[in-house]
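Here is a quick look at some backbone oddities, plus one side chain worth a glance. Have the model open while you read.

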Amino acid sequence: MSKNIKIIPALDLTDLDKLETLVQAVDDHPLVYGYKLGFSLGLTYGLPRVCKLLRKHTNKPLIYDHQKAATDIPATGQLFADVMKSSGIDEVILFPQAGPETLKAWTEALKEKELKVIVGGIMTHPAYLESEGGFIRNTAAADMYKLAFEENVRNFVVPLTKPSETERIFKEAGLDDGCTFYSPGYGSQGGDPANFPFIRNHYLIIGRSLLKAEDPALYLDEVSKQIKDTSGDA
């Protein structure tokens, strides 16, 4: 299978000078697809200010990860979508643990604002799913992906640290090669994209190891080489 692998820097920091320096250093790298923002920048400075600052240095997609969104009642999805759109966000990650009605309502609200919807149901760390000692039933996680696919979502978060569980859900939810998978877990968490031969479009979300790199662009060159050496693609 010919693979399409990209990188998404996770901007999990609170220093705006470091933010600008990082984006300026890596934005021209051919593997960088876009940037993921979370609570650290959003709560510290406000998303509109952060997005406006980033737009000085990049035209690539800005992806908001609420860590975790879609855990409220269905009606708040419209307000959330309004905030995302007015802030300058392009894509939004949902983890619809509040149930199917919230998943449907929040997905529809984001699509009405022409925002790309990305749905996740499993995280990278241990003791998340019931079978690992966590709170979330394994079948419930699979249901999130399956229902999202039925709602015409084609972008999903899957953990790079759990290839077997991801493959199970890929099959049970009926996902296919037309989907794009966003994966945290590279670098500090030890995930390896070579363990996902069933995924064609694979975007690696890289945070801590990139943020700690003395030369971020050189680090991405090394990641690119590693991907090519292990999978034959980059």
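## Q67 and the bond after it

Q67 comes out as partly exposed, because its relative accessibility of 31% is neither under 20% nor over 50%. Keep in mind that this is a predicted model. Q67 sits in the loop between β3 and α4, and its phi is near 50°, a positive value in a residue that isn't glycine.

There's a second quirk right here: the peptide bond from Q67 to K68 is cis, with omega near 15°. K68 belongs to the loop that runs between β3 (62-65) and α4 (76-87). Why do these two features catch the eye? Most residues other than glycine have a negative phi, and most peptide bonds are trans.

## A127, another positive phi

Over in the loop between β5 (116-120) and α6 (138-150) you'll find A127. A127 isn't a glycine either, yet its phi is positive, at about 60°.

How exposed is A127? Its relative accessible area is 42%, so A127 counts as partly exposed, a class that lies between the 20% and 50% cut-offs.

## E165 in its helix

Now for a side trip to helix α7 (residues 163-172), which is home to E165. Is E165 buried or exposed? It's buried: the relative accessible area of E165 is 16%, and the cut-off for buried is under 20%.

Which residues does E165 touch, once neighbours within four places in sequence are set aside? E165 is in contact with I122, L129 and N138.

Note on methods. Residues numbered from 1 in each chain as written. Predicted model: local features only at pLDDT ≥ 70, side-chain atom pairs only at ≥ 80, totals over all residues. Heavy atoms only, no water. Helix = DSSP H or I, 4+ residues; strand = E, 2+ residues; numbered from the N terminus. Buried < 20%, exposed > 50% of the residue type's maximum accessible area, 1.4 Å probe, protein only. Contact = heavy atoms within 4.5 Å.
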